[in-house]
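Colleague: Please take a close look at one helix-helix crossing between two chains, and then work outward from there to the rest of the assembly. A plain account will do.

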Amino acid sequence: MPASLWPSWAEMLRFLPEIILTVAGTLIMMLEPVLGSRSRRGLGQFALAGLSAALAAAVVADGSPGPAFSNMLVVDGFATFFRVLVLAVGILTVCSSYPYLNREGASSGEYWALLLFSITGQCVMASANELIMVFIGIEISSISSYVLAGYLRDDKRANEAALKYFLLGSFATAFLLYGIALVYGAAKSTNLAVVRAAVEKGEAPLLLVGIAAALMFVGFAFKVSGAPFQMWAPDVYQGAPAPVSAFLSAGPKAAAFAVFLRVFMTAFQGVSDRWAPVVWISALLSMSIGNFAALRQSNLKRMLAYSSIAHAGYVLVAMAARSQSGSAAVMFYLAAYALMNMGAFAVVAHVAGKGERYVEIQDLAGLAQRQPLTAAALAVFLLSLIGVPLTGGFFGKFYIFKAALESRLIWLAVLGLLNSAVAAYYYLRILVVMYMEEPGEVTNGLGPLPLGLKAALAMPVVGLLVLGIFPSGLLDYAVKSAKFW
Amino acid sequence: MAAASVASALLAVTRKNPVHSMLWVLTLFLHVAGIFLLLGAEFLAAVQVIVYAGAILIFYIFVVMLLDLPDEEARPRFGKHWPLAAAVGLCFAALAWLVRAGTGVAPAATRLAAEGPPRGGLSAIGMALFGPFALPFEMASLLLLAAIVGAVVLARRRAAGP
Amino acid sequence: MQHLWLIPVLPLLGFLLNGLFGRRLAKGAVTAIALGSVLLSFAWVVKTLVGLGALETAYIERYFTWFQSGDLRVGADLSVDRLTAVMLLVVTGVGSLIHIYAVGYMTHEGGYYRFFAYLNLFMFFMLVLVLGANFLLLFVGWEGVGLCSYLLIGFYFLKKSATDAGKKAFIVNRIGDFGFSLAMLLIVITFGSLDFGAVFPAAASKPESTLTLIGLLLLLGACGKSAQAPLYVWLPDAMEGPTPVSALIHAATMVTAGVYMVARSSAIYLHAHAAQEMVAYIGLGTAVFAATIGLAQNDIKKVFAYSTVSQLGYMFLGLGAGAFSAGIFHLVTHAFFKALLFLGAGSVIHALEGEQDLRHMGGLRTRIPVTFWTLACAWVAIAGIPPFAGFHSKDAILLAAHHHAPWMYWVGVLTAAMTAFYVSRAMFLAFFGEPRGHHHPHESPPVMTAPLAVLALLSLAGGFLDVPKFLEPLFPLSEGAHDFALVAISVVAGLAGIGLAALFYVVKPGLADAVANALGGLYTLVYNKYFVDELYDAAVVRPVETGSREALWKGVDAGLIDGAANGVASIARATGGLLRLIQSGNIRSYATWVVFGSILVLVAIGLVGGGAR
Amino acid sequence: MTGVPLSWYLILSALLFALGVAGFLFRRNIITVFMSIELMLNAVNLSFVAFSYQLKQVNGHIFTFFVMVVAAAEAAVGLAIILTVFKNRETLNVDEVNSLKN
């Protein structure tokens, strides 16, 4: 027990992003009733400011790495990377949600507050060093996400999405929790470093550790929508409001991968021979199910959902490599993936129109002629999702398969590359519809692009091109921080 | 008491009427609270009774009553996949034996030490909560805040919206 | 500094200007930007090459580190050696001519600025492909040209066949790219670098099995891009695009990227005999196969398309036989005469207002004389008549083939005869005899005929550019002596092909049909391109499409009926049915899957893995 | 009771967890399904407390405490979601909430 109950300033600094987010979220809740209806609109900007401040704080906190709060958290490069990533996802979500909520007439302070809370949870996940923090972080993130998915409470699809997400999510969390309980029993602690030491020294009963790893794998694989625990994702992404789907497919997923990676590369490092084959199979299943199911989708959101399952599969390929370059590839790919997926969903949010009536692929017909810049942005996202050079997606795939080959996962790399060849087909269909068909009713009636969406498109485009042309900076950082002690 | 817990759990998942299920779950929770007491976790036993049995279940029953559906009972209570589900349940029961086997090989785990002082007292938990576990404690409050906000957002009537 | 970066960046600027502002610019301005950027780029190539002088070794310019991970550093480096110099001149030179021609050809088409923007973008990627000093930059160009090709094929977006052709090109190329990317990753693992300068010198010290695997995978990539068997199916369909596109991308430049890449990787192939042998077999096989299909096509562009496939096969034969310089030599001369053939065909089509069927042409010799005489130059060049361009390069390849394996020479000669035959057939049908059809042909404007004339000159005299000699520092000349008999045989074969065509289509016009009838089934087989497209369709495309459609979209009843009718589809339906079973929308069945999956995971990690320690 | 082996508690916990899982799979009423999750969480709590007792630590108790907090939060949000579903669809049968599929 520490001599003083009051944490040091350095510890506070390391925790500053979360503090800022919490304060901002609470302030929004408190300000809303006070403000007039006019200034209530400014709450979105306030959330944006909070996120930006937290982003700055996360970068500052990187300057003083180390553990905080009795080893509950640890701020290292890995944590900073994912904190910055989820905060950036948050900023993009705010940008695309703002016009969306105005269009639906559903703008309210609670939305922003929940969004900020959810991101707080993800920041905690990114820096958690103790299973209790992992659990609480996941729960904060999830509970807010459940509500966000069903935020449009008069929309039947959104209700259903929220219910499915909630019931199945809680179900999976129970597995995760059971796994944690067994870890506690086996290793006598829930601190990742202690667990790792116990597992590697063989102090923990192997069978118990194996079962615990399996149960936690179920929980994490569910959160990252990896097969065979992916079924919820298409339904939820399709039913939830488009900006929320974008958020769910990027933020919670990235944070879940962060803890997934950290827990399995530290606590269960000692039994990695056991879990690696399972990750291998899960990666292959996710890629195949995602890509082949996406082939025949006509609903844009559902197609993107299946594609996100496939992309989770690619990331699992890198995880199966169990190496530093594999972990770095996970980080790089998730960053690129978050950008391209957020961007693609932002276009969907724009085209869908009030009440999300137009979410079929065919509704994009002739977009290139009516709004060439929007179409060009979507083209960049799709090319990046395909993995065409000069976009971030290309390098993401390149590093993943490079890491896989280095770890001698030759068949997985071959099957993964074949999968990404298949995937090109369904992304291409969107490009064809957009560029080679005459504008239809939907694209003709399309209003101008609101400012928020402009930002939500421009930032990922720039980001992806930078990652595609100058990937070094981010990759160096990822390689440097993909070490766990 | 363990047998009673299992029996009430079994009844809870097999009763037709949701309200009856609730009552069996209540029984279960009380039994679990008893087991907590046996394991020296007085504080948790109290919390179990107050929070689970008291607050959460009342909440459930309240909602069930609110949404009372007379025709719900007439339907078959199991889905058509129930043989599969039963098999799956059995597999998990098998897991139970695995866990036993797993602990069985652990050298120190065969028997509970009788002489150990009970550590689940109020003061110990209090010291831990505000000592090393201060951060999770604070984050838990955020979790509850998020839950409250979420529940309000979803349950409030449309007219209250802007 | 020679500022090599200017060479690709100039067309990129053209693309950006026309792509962003083209809609608001006057047509003249669009033309000036598009043409100007390419001509300037050509001028810069010439200036650079003059400035660099002899170029005995590669000249490299390093701009910045593109990325670095561990020991692997990949830079944005451009390099010029003699091989690059040849490619640069061909790409920018022929490219400029085709751009000029396109100004005339596209005047009356919609989307003028868009067309030129894509064309400039293509030039950018092609130049990156050629100039890149490592495999990754090569790959960037490689993917980029594929993308542009797809955009340009689908340019007539109202034609469904054009869109389909674009898709087909893209998908087939993805298969090739799969091979290329895997090869690239293997190179990284094996050599720890992607720089040409680091990989090739080290090739000798690596195990042959690895090199063979790399070589075969690179070959898969090359087969996709250069339309070699079995991935050639996209190229004939790609002729749906505008004719200048066919000439630039699908005859002169992009499709030769595979040849360039294999030649560039010669160090790997020289140490991987099985892979190199495979190159020769695929090249020869494709040459013969495509030539026979070309014999019976009636669409003038299809004839030239299969001819392109066949000539690319020749180049691969040369590469596979170890005569890399001969392959590149043929690449150069082929760029001249094939671009000319396509542009001439475009001029014919232009004159006949869109008519492409040879059976509806005829007697055009006097109506469009300039087109005829320039096309005639390409004709003698491709037929291998000395001393014109095709003769020299084809001869070099055939001699190398003879040195490698005499039977390959004889098959090659047979192909040469067929080549002469089908080109002559097209010429005779289009320009000789009585006019068929009721068009009023008109000669093309000078902006189109001038490039034809320049290319005609190159087709006639291009053979005297001694490319193999120029490339000697890179590829030592094979020692095969200039055997006069072998040369004579191939020339005679070419003449025989022309003579036979003259007999069939000029002297005794009825004979061709009689022969076709006599051959019956064989003719149908060839006429229908051996039904390869149908085979692919039935074996790959249809099962996948019907399978997933039935499974995912229709109810069980409709699926059952179709499944009973089609055995293959029912298998696909079963897999799709599994997906429907998983994705039923029912929460409890999802939960069941979660539990099911977790039991599997538990068994896998908790129990089975137990033996590992 | 002091002589009761730890494994007995763990078996009880696993059995309760399995019953929770079975309940989730068996039941059609959304609220009962949701309650099954609470059952599972309670089973996990039992494990935590049993381990904690054996290890003479307080950590397991703390964890259990947080699980209870989470259970309460989930109950609030979950029941709110169920309410909105019920308002829109007039049903509490999980099998009827399946419009999003394939």
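Modeller: H7(A) passes H6(B) in a left-handed crossing. In this predicted model, the two partners are helix H7 (residues 131-149) of chain A and helix H6 (residues 134-155) of chain B, with axes that come within 9 Å and cross at roughly 15 degrees. An angle under 35 degrees counts as roughly parallel, so H7(A) is roughly parallel to H6(B).

From H7(A), the residues that meet H6(B) are Ile132(A), Met133(A), Ile136(A), Glu139(A), Ile140(A), Ile143(A), Ser144(A) and Val147(A). On the other side, H6(B) brings Pro136(B), Met139(B), Ala140(B), Leu142(B), Leu143(B), Ala146(B), Ala147(B), Gly150(B), Val153(B) and Leu154(B). By class, the residues of this contact divide into 15 nonpolar, two polar and one charged. As background, an α-helix has 3.6 residues a turn, so residues three or four places apart point the same way.

Leu143(B), one of the residues of H6(B) that meet H7(A), is also among the residues with the most contacts inside the largest nonpolar core. That core has 554 residues, and the others named with Leu143(B) for their contacts are Phe332(A), Tyr333(A) and Ala339(C). For Phe332(A), leaving aside its neighbours within four places in sequence, the contacts are Phe395(A), Gly396(A), Tyr399(A), Leu474(A), Leu475(A) and Ala478(A).

The chain that supplies H6(B) has six helices and zero strands. Read from the N terminus on, the elements of chain B run α-α-α-α-α-α. Chain B has 162 residues, of which 38% count as buried. Taking contacts in chain B between residues at least 6 apart in sequence, 53% join residues at least 24 apart.

Chain A, which supplies H7(A), also holds a helix that is largely enclosed by the rest of the structure: helix H11 (residues 232-239), because eight of its eight residues are buried. These are Trp232(A), Ala233(A), Pro234(A), Asp235(A), Val236(A), Tyr237(A), Gln238(A) and Gly239(A).

The loop that leads into H11 has two backbone features. Pro228(A) lies in the loop between helix H10 (206-223) and H11 of chain A, and a cis peptide bond joins Ala227(A) to Pro228(A), with omega about 0 degrees. Ser225(A) lies in the loop between H10 and H11 as well. Its phi is near 55 degrees, a positive value in a residue other than glycine. Ser225(A) counts as buried because it has 28 C-beta neighbours inside 10 Å.

Another positive phi in chain A belongs to Leu390(A), at about 75 degrees, although Leu390(A) is not a glycine. Leu390(A) sits in the loop between helix H17 (372-386) and helix H18 (392-406) of chain A. The residue has 20 C-beta neighbours inside 10 Å, and therefore counts as buried; the cut-off for that class is 20 or more.

Chain C comes to 27 helices and two strands. Of its 613 residues, 59% count as buried. Among contacts in chain C with a separation of 6 or more, residues 24 or more positions apart account for 80%. A cis peptide bond is found in this chain too, joining Pro386(C) and Pro387(C) with omega about 5 degrees. Pro387(C) is placed in the loop between helix H16 (369-383) and helix H17 (389-404) of chain C.

Chain C touches chain D through a contact that takes eleven residues from chain C and eleven residues from chain D. On the chain C side, helix H27 (residues 587-607) gives the most, with five residues. That side has four nonpolar, five polar and two charged residues.

In chain D, Ala22(D) is found in helix H1 (residues 6-26). Ala22(D) counts as buried because it has 25 C-beta neighbours inside 10 Å. The C-alpha atoms of Ala22(D) and Ser36(D) are separated by 8.2 Å, the two residues being 14 apart along the chain.

To return to the part you asked about: the contact of H7(A) with H6(B) holds 15 nonpolar residues, and Leu143(B) from that contact recurs among the residues with the most contacts inside the largest nonpolar core.

Note on methods
Residues numbered from 1 in each chain as written. Chains lettered and ligands numbered in written order. Predicted model: local features only at pLDDT ≥ 70, side-chain atom pairs only at ≥ 80, totals over all residues. Contact = placed C-beta atoms within 7 Å. Helix = DSSP H or I, 4+ residues; strand = E, 2+ residues; numbered from the N terminus. Nonpolar A, V, L, I, M, F, W, Y, C, P; charged D, E, K, R; others polar. Buried ≥ 20, exposed ≤ 12 C-beta atoms within 10 Å, placed from the backbone. Core = buried A, V, L, I, M, F, W, Y, C linked by C-beta atoms within 7 Å. Axes fitted to C-alpha atoms, helices over the stretch in contact; angles between N-to-C directions. Parallel < 35°, antiparallel > 145°, perpendicular 65-115°, else oblique. Left-handed = near helix turned anticlockwise from the far one by under 90°.
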